[in-house]
Amino acid sequence: MSAPGSALGSGALDLPPFSLDVESLSLGSDVKAVGLELLETESREPVRGSQAAQIWSAAFPVLAGEEFYALDFFSHLDRVREFCDTHEIPYRVAAERCLVVPKPTQEQLLELFSRFEGETFGVRVGPAAESADAVLEGDLSKRGLDAYQNAYARYTLCAVCEPEDGWVTLLSEKLWPSEVIRRVRPALQPFDVHIARPN
């Protein structure tokens, strides 16, 4: 007898093609973090390319909810600037080596995740993201996304995005794994993503 959800006669479960694992991370006693890992369900390899860009660009607006968010780039700034100019994506140069894209649309997010999949960049969410944060932006210029560790308590969340590895680390005192899942589940349904909390 076949179990519900199994392929007829094969005995294999009919699993969604993608999985998003959401779990608490231990980054030290004073750091609250949630890891999101986007994987191909069968191979357990990171999801890359256009499918990953679509999923991540759907996830971030719902993680932000009604709050303001901005992307932080701190490397390859000439490429980022040229891409934003060409695609008419507003940005501001925030510090010596920091470029901020304030509240991109979902379409712009898709373009940015697609183009800069191989880069590490950040996302800040919350009222504090609406205005310049000279201390954090200067620190991002010098230390990259390690700067978020000293600043994330001022935001709803700060995210370290590593799309090529299928990985996002959320630093937040306000969001925990169950709340992250609650927010992203409806937005990711069209992509047939299984969302789980691994043990």
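1. A good place to start is strand β3, which is largely enclosed by the rest of the structure, because 5 of its 5 residues are buried. Please keep in mind as you read that this is a predicted model. Looking along β3, you will find Y69, L71 and F73 pointing one way, while A70 and D72 point the other way. Whichever way they point, all of these residues are buried.

2. Next, which strands does β3 pair with? One partner is β6, which pairs with β3 in the antiparallel sense over 4 bridges. Within this pairing, L71 has V123 of β6 as its bridge partner. Another partner is β5, which runs antiparallel to β3 and is joined to it by 4 bridges. Here F73 is matched with L99 in β5.

3. Stay with β5 for a moment, as L99 turns up again. Strand β4 (residues 92-95) pairs with strand β5 (residues 98-102), again in the antiparallel sense, over 3 bridges. In this pairing, V93 stands opposite L99. Together β4 and β5 form a hairpin, with 2 residues between them.

4. Now back to D72 and its charge. As a reminder, side chains of opposite charge can pair when their charged atoms come close. The side chain of D72 makes a salt bridge with that of R124, at 2.7 Å from N to O. R124 lies in strand β6 (residues 121-125) and D72 in strand β3 (residues 69-73), so this pair ties together parts that are 52 residues apart in sequence. Are the two partners buried or exposed? R124 counts as buried because its relative accessibility is 0%, and D72 is buried too, with a relative accessible area of 1%. The pair also belongs to a network of salt bridges that links D72, R92, R124 and E137.

5. The model has a count of 10 salt bridges, and two others make a nice contrast with the one above. In one of them, R154 pairs with D133, and the closest N and O atoms are 2.6 Å apart. R154 sits in the loop between α5 (148-151) and β7 (157-162), and D133 in the loop between β6 and α4 (134-143), so the pair ties together parts that are 21 residues apart in sequence. R154 counts as partly exposed, at 44% relative accessibility, whereas D133 counts as buried, at 10%. The other joins R143 to D139, with the closest N and O atoms 3.0 Å apart. These two residues are 4 residues apart in helix α4, which means about one helical turn separates them. R143 counts as partly exposed, at 38% relative accessibility.

6. Let us turn to the nonpolar residues. Which members of the largest nonpolar core touch the most other members? They are L20, F60, F73 and L188, out of 46 residues in this core. Helix α1 (residues 49-64) gives the most to the core, with 9 residues. If you select F60, you can look for its contacts beyond four places in sequence: L109, F113, V123, A159, C161 and V168. There is also a second, separate core of 20 residues, and V31, A70, F74 and Y148 are among them.

7. The aromatic rings deserve a look of their own. A pair of rings is described by the distance of the centres and the angle of the planes. The count of aromatic pairs comes to 5. Take F83 and F116: their ring centres are 5.4 Å apart and their planes are at 80 degrees, so this pair is edge-to-face. It links distant parts of the chain, with F83 in helix α2 (residues 77-86) and F116 in the loop between α3 (106-115) and β6, 33 residues apart. F83 is buried, with a relative accessible area of 11%, and F116 is buried as well, at 1%. Ring pairs also link F60, F73, F83, F113, F116 and F121 into a cluster.

8. Finally, find S19 in strand β1 (residues 18-26). S19 is buried, with a relative accessible area of 2%. Which residue meets the side chain of S19 in a polar contact? It is T41, whose side chain is joined to that of S19 by a contact of 2.8 Å. Leaving aside neighbours within four places in sequence, the residues in contact with S19 include E37, L38, R44, V193 and H194.

Terms used: Residues are numbered from 1 along each chain as its sequence is written. This is a predicted model: local features need pLDDT of at least 70, side-chain atom pairs count only at pLDDT 80 or more; totals for chains, interfaces and linings use all residues. Side-chain values use heavy atoms; hydrogens and water are left out. A salt bridge is a side-chain nitrogen of Lys or Arg within 4 Å of a carboxyl oxygen of Asp or Glu. Buried means under 20% relative accessible area, exposed over 50%, partly exposed in between (1.4 Å probe, protein chains only). A nonpolar core is a set of buried Ala, Val, Leu, Ile, Met, Phe, Trp, Tyr and Cys residues joined through side-chain atoms within 4.5 Å. Contact means heavy atoms within 4.5 Å. Rings of Phe, Tyr and Trp (its six-membered ring) pair if their centres lie within 6.5 Å; planes under 30 degrees apart count as stacked, over 60 as edge-to-face and the rest as tilted. A polar contact is a pair of N or O atoms within 3.5 Å; within protein, one must be able to donate a hydrogen and the other to accept it, and residues adjacent in sequence count only if both atoms are side-chain atoms. Two strands pair if DSSP finds at least two bridges between them.
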